[in-house]
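I opened this model to look up a few helices, their packing and some single residues. My entries follow in the order in which I checked them.

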Amino acid sequence: MPPYKPVAKSSYSQILKSTSLIGGASLVNIAIGIIRSKIVAMILGPSGMGLNSLFLSITNLSETVGGMGVNSSGVRQIAAAAASGDRNSVAKTAAVLRKTSLILGLVTAAFLVLASRQVSTLTFGNREQAAAICFLAVGVFMRFVSAGQGTLLQGLRRISDMTQAGMLSTFLGMLVTVALVFWLREDGIVASFVVASTVGLGVSWQYSRKAGIDRTSVTFQEARTEAAELLQLGSVLMVSGLAMMGSSYVVRAMIQTRLGLEATGLYQAAWSVGNMYVGFILTAMGADFYPRLTESIHDHAEANRLVNEQTQVSLLLAGAGIIGTLTFASLVIKTLYAASFAGAEAILQWICLGTALQVVSWPVGFIIVGKGDKAALVLTEIAWTCVHLSLVWLGLQYFGVPGAGLAFFLSYIFHTVVVYVLARRLTGFRWSAENQRALVIYMLSIGIVMAASHFLPRPWGIGFGAMALAGCLRYSAMKLLVLVPEHQLPSAIRRVFDLWLFATAARVGSQS
């Protein structure tokens, strides 16, 4: 008789709990970001926003290359140490992580200062921004140290502390940014980043102290061993991050070179709006799902179940938001930015299609990360980067700046196929029948809504999209209630369902 194996408990409730917690914080961050972007856009216009996006790309690329993937591998190491229950092991890993982040931050900032002229020439076509890039290096260093504190909280799955620290940092950063940009105009872009990064460091440091990590001494041999483990996987994860951030930097530089700062600003606006809603779902995956998957990655059946459950909930939560963004793209762009950003609408629609595929491919991609398959990670990200940049080059040549949005969508078709094939090889993963049906329903709905917005008169297109949005909301709500009983839903989601059911009952009553 085979040994008894307990029935695995579904993770739907945990997924909704973490997503609602992080999602609530993300909504606050989004609201703050909307206010900040709206004010900055009104002050600086599209060209100023383009300049801001280029400095942001330099920052993100510096963090990705200089960080050596330590933050991502650090989450894995901290989670593994915490799962063992050994407080001393957690303390030593945390100590090495902090010191490693500090050293890498210093090295990256120094390199950015030394290469400031070359970076300015590569990005802007001249050396006029070299001094600003030197100043930017100070903010990059602050971000490195702050990220080390955030990694500790994520590895320990202190989701509440993570979200509170993020909201406070975002709010204070918004105040700093608005004040400095209003005072200094374009000269305040880099200054606001440096000051906001310093404030963020102070906030993250305070919250990391609440984690209660014991102080411990680490020998040179222990530090070298722990750091080697962090850097070994981290360097591979860095390639993954470099592919994403490097591609983002090169795309913006290509747009700026070919079409100018105004076109770059339009692309940045579309990119920000397109990732606004889906961003909190992807953030929740990294904060909660990734550590949970890492703990079960060697049990292939369990790992595949977790991925399918995460994919299903993510699709149910993301579908309506993407359809809503597609339907009201013009209104959203004008509301969040200004009428001068109307040209971002076509870019936004293609980016929305790409983010829909991100929601599907990211849970599957975490199998590769959790397994620590270095060759597969490098292959996937380098291949995606080459395809993405090639498509952007072609898209800009034939379709102008909307071609960059189209390239993002097409590149994620490629990415989804590649990660699925690799996950099949690593764990035998297959999408469940339910996920396959949901994927077909949502992608068809999104495609039809986008086609309606292009080929029907605007009022008809908006009306069609609104009906599709209502249907998608109903489908998602009913499916979620089947997966998780209402009494087990997080309170925030339960209140939304109560309001929706009340509105439905009132509508039926008025018609009877």
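**Entry 1: helix 4.** I began with the exposed side of helix 4, where I found Gln 118 and Leu 122, both exposed. For the record, I took buried as under 20% relative accessible area, exposed as over 50%, and partly exposed as in between, with a 1.4 Å probe and protein chains only. Helices here are DSSP runs of H or I with at least four residues, numbered from the N terminus. The model is a predicted one, so I noted that local features need pLDDT of at least 70 and side-chain atom pairs count only at pLDDT 80 or more, while totals for chains, interfaces and linings use all residues. Residues are numbered from 1 along each chain as its sequence is written, and side-chain values use heavy atoms, with hydrogens and water left out.

I then listed the buried residues of helix 4, which spans residues 116-124, and got Ser 116, Val 119, Ser 120, Thr 123 and Phe 124. Viewed down the helix axis, these buried residues fall within an arc of 100°, and therefore they line one face of helix 4; the arc is that of the directions from the helix axis to the C-beta atoms. After helix 4 comes Gly 125, for which I noted a positive phi, near 85°.

**Entry 2: helix pairs.** I looked next at helix 13 (residues 345-371) and helix 15 (residues 402-427), whose axes come within 8 Å and cross at roughly 20°. This makes the two helices, 13 and 15, roughly parallel. I used axes that are lines fitted to C-alpha atoms, for helices over the stretch in contact, with angles running from 0 to 180 degrees between N-to-C directions. Angles under 35 degrees count as roughly parallel, over 145 as roughly antiparallel, 65 to 115 as roughly perpendicular, and the rest as oblique. The crossing of helix 13 and helix 15 is left-handed, a term that applies if the near helix is turned anticlockwise from the far one by less than a right angle.

For helix 16 (residues 433-455) and helix 17 (residues 458-483), I found axes that come within 9 Å and cross at roughly 165°. Helix 16 is thus roughly antiparallel to helix 17, and the crossing of this pair is left-handed.

**Entry 3: cysteines.** How many disulfides does a search of the whole structure find? I obtained 0 disulfides, a disulfide being a pair of cysteine sulfur atoms within 2.5 Å. I also looked up Cys 134, which is partly exposed at 26% relative accessibility, and Cys 386, which is partly exposed with a relative accessible area of 45%.

**Entry 4: single residues and their C-alpha separations.** Ser 247 sits in helix 8 (residues 220-259) and counts as buried at 0% relative accessibility; its C-alpha atom is separated by 9.9 Å from that of Val 392, 145 residues apart along the chain.

Glu 309, in helix 11 (residues 300-327), is also a residue I looked up, and Glu 309 is buried, with a relative accessible area of 6%. The C-alpha atoms of Glu 309 and Pro 363 are separated by 9.4 Å, with the two positions 54 residues apart along the chain taken as their distance apart.

Finally, I placed Gln 397 in helix 14 (residues 374-399), partly exposed at 42% relative accessibility, and its C-alpha atom is separated by 9.0 Å from that of Arg 258, 139 residues apart along the chain.
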